[in-house]
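I opened a fresh page for this one and went through it piece by piece. Here are my notes, in the order I made them.

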Amino acid sequence: MTTRSRSLPWLCVATVAVAASCGDPGSSAAPSALGSDVRSIVAERNLSEADVQAAVQTYMPTGRHDDYYTFASGGHGGNIIVIGVPSMRILKYIAVFTPEPWQGYGYGDESGDVLKAGDRAGTTLTWADTHHPALSESGGDYDGRYLFIGDKANPRMAVIDLRDFMTKQIVASELLQSEHGAAFVTPDTDYVIETSQYPAPLGGRFAPLEQFDTEYRGAMIFWKFDKEKGRIVEDQSFAIELPPYMQDLADAGKKGSDGWVFCNSINTERAWGGILEGKPSLESGSTQNDMDYLHCINWRKAEQVAKAGKTETIAKMRVIRMQTAIDEGLLYLVPEPKSPHGVDITPDGEDIVVGGKLDTHCTVFSIAKIRALAEQKKFIGRDPYGIPILDFKESIRGQCEIGLGPLHTQFDGQGNAYTSVFIESVVAKWSLKDLKLIDKIDTHFNIGHLCAAEGDTVSPDGKYLIAMNKWALDRFAPVGPLLPQNFQLVDIGGQKMTRLYDMPIPLGEPHYAQMIKADKLKPIEVYSPIGTNPFHEGVDKDAVTAGKERIERKDDGVHVWMTTVRSHFTPDIVRVKEGDVVHLHVTNVEQAHDATHGLAIGSHNINLSLEPGKHSNVVFTAKRAGVYPFYCTEFCSALHLEMAGYLLVEPR
Ligand code: CUK
Ligand code: CUA
């Protein structure tokens, strides 16, 4: 265990204070079960000075808010975990690609349409593999407005509004059949980037594996984002066709390198396995070359090329074909050391740090050098598709010896880089200026990504870093063979790193997270004006005001305009006939911060979350005659249990 030699003067003060208050005959303070003062608790619980220091650094007294929000991917959960830092308390799960009952996400209202937009190949998907959340940026800094995340398994992109922490949009393109370099934003969030991982014929066609080299492709999608509307604009989005290498992570240039995006790749061997067919496995076939290729893409130029119509439409996506990208000078390759993984642009926008899963170095590429070589057309050759290749040595600023298996890198704004080292299970701190190792700290165990405060911006904060470890192994009480992941909070405020907190993550493998200063977010407290539909703009056309509640039979079914207020639904009796289509229009007409209601209708898979001021629309068929109580699912008042009613479905 790392210990800090710093003494704890406060401990003596606190001990004295507690002792004094306990010794006071008039005091009613009872000694705790563990001991009567801080010193005995520390002794009783066998805590070191470093433990106490860590506890004090992360403890939040009741009512005090955390300094940072961390938005972590929920991995297989297909959602996002919101965590307060430094306390590491979970504040919320944001439902994204999977239904979530408490938030009523996917249980009747328009959130179901958001989810449905993510269906692929006619299949309703109820899971996702979320890897990389990305906060929206303005001028290369997190602006606290939106959050994006992709799905590696079923290529889709989601938009989350940070005013109400709700997923507002999911877009899915059949162009790709898997992705990984997603989501990454350009410095003003003009585009949200989604890049393929496993090559496949573009657009979802079939082609035999024997035609891998000619028919299989990668692609990078640039989803156009409208910041004012908070939505991706599909018909202004475009993609660039890429060779059938396995494109991996991506990062967008910033400051001087704004306009470029960089993406590494593995399997430039173009292996595709075939263990039972006498071919080498993918893992061996894809690790033959000493170098893979960093893809350097001039997206500003690509945007112009797309605007000029030099695209082909595949699966409704405008695609800049590879030959066009080459002819227009949009796409270059630079060799990068064997099986690279992370690609992270430094806060000044000048360098790219690339890790290597089977290497011991981080390689620091100079974007200025890459651009100069591209402009001078100084190529060392071309790949099998004619894409120009730049010289490795002439593209780099240098390498830093890190340890075995460097993956991802974050920054602290003090000129230091922090790299996760998977095989060695450490975080390595090193100097960007002279590329020298400064410090290492153990992680438990097998660290993947790491996330520093404001770590992907032009002005990182330092202070905190979360090591996102793959397996907790012995860190927590055992819960069977499937191990939770382990987030370890690390203090990076000093020269040496210290570990502060271990947090089990029990719902999937998160991969990545971003940490933003809490005061940058301005979440709303209630939906206002009353009748706001979070999935549409403004007040819903079917919003209901008190006194205007009614039930009407129309051509398309029975419409119910309902309000909720503590502690009743109006109407509280709904009579329909078996087989009727029922349209529920429900407005929570309250504006008090704590006046959330729910609306559950038994046996119909309907549960709405009706936050103050919110309006929801639900359409369902009353398939079976019967009596179905409906009730409020949030404990909203003393008479919450009485907030109920009946749906009566009369037989035909
Ligand atoms: S990847 Cu998982 S540890 Cu998807 Cu960003 Cu590197
Ligand atoms: Cu409304 Cu409980």
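**Helix H9**

I began with helix H9, residues 367–375, and found Ile367, Ile370, Leu373 and Ala374 buried. Next I checked how these four are spread around the axis: they cover an arc of only 130 degrees, which puts them on the same side of H9. That fits the usual helix geometry, with 3.6 residues a turn, so residues three or four places apart point the same way. I then turned to the face away from the buried side and noted Ala368 and Glu375 there, both exposed. Just past the end of H9, I saw that Lys377 has a positive phi of about 55 degrees. I kept in mind throughout that this is a predicted model.

**Strand S1**

Is strand S1 buried or exposed? I looked up residues 68–73 and got six of the six buried, so S1 is largely enclosed by the rest of the structure. In a regular strand the side chains alternate between the two faces of the sheet. I therefore sorted S1 by face, because of that alternation. One side has Tyr68, Thr70 and Ala72, the other has Tyr69, Phe71 and Ser73, and both sides are covered.

Which strands pair with S1? One partner is S2, residues 80–85, antiparallel over six bridges. Here I found Ser73 opposite Ile80. The S1–S2 hairpin has six residues between its strands, and among them I marked Gly75 for its positive phi near 55 degrees. Another partner is S32, residues 513–517, also antiparallel, over five bridges. In that pairing Ala72 stands opposite Ala513.

**Nonpolar cores**

I moved on to the cores, remembering that in soluble globular proteins nonpolar side chains tend to be buried together. The largest nonpolar core here has 48 residues, and Phe222, Leu294 and Ile352 have the most contacts inside it. Apart from this core lies another, of 27 residues, including Ile80, Phe97, Tyr105 and Met166. I was pleased to meet Ile80 again, the residue across from Ser73.

I then listed what Phe222 touches, setting aside neighbours within four places in sequence: Tyr191, Val192, Ile193, Ser237, Phe238, Ile240, Val261, Ile297 and Trp299.

**Ligand 1**

What surrounds ligand 1? My list has many histidines: His131, His132, His180, His341, His408, His449 and His511 are in it, together with Leu249, Gly448 and Lys470. Sorted by class, I get eight polar residues, one nonpolar and one charged in this shell.

Technical notes. Residues are numbered from 1 along each chain as its sequence is written. Chains are lettered from A and ligands numbered from 1 in the order in which they are written. This is a predicted model: local features need pLDDT of at least 70, side-chain atom pairs count only at pLDDT 80 or more; totals for chains, interfaces and linings use all residues. Side-chain values use heavy atoms; hydrogens and water are left out. Buried means under 20% relative accessible area, exposed over 50%, partly exposed in between (1.4 Å probe, protein chains only). Helices (H or I, at least four residues) and strands (E, at least two) are DSSP runs, numbered from the N terminus. Two strands pair if DSSP finds at least two bridges between them. A residue is near a molecule or strand if one of its heavy atoms lies within 4 Å of it. Ala, Val, Leu, Ile, Met, Phe, Trp, Tyr, Cys and Pro count as nonpolar, Asp, Glu, Lys and Arg as charged, and the others, Gly among them, as polar. A nonpolar core is a set of buried Ala, Val, Leu, Ile, Met, Phe, Trp, Tyr and Cys residues joined through side-chain atoms within 4.5 Å. Contact means heavy atoms within 4.5 Å. The arc is that of the directions from the helix axis to the C-beta atoms.
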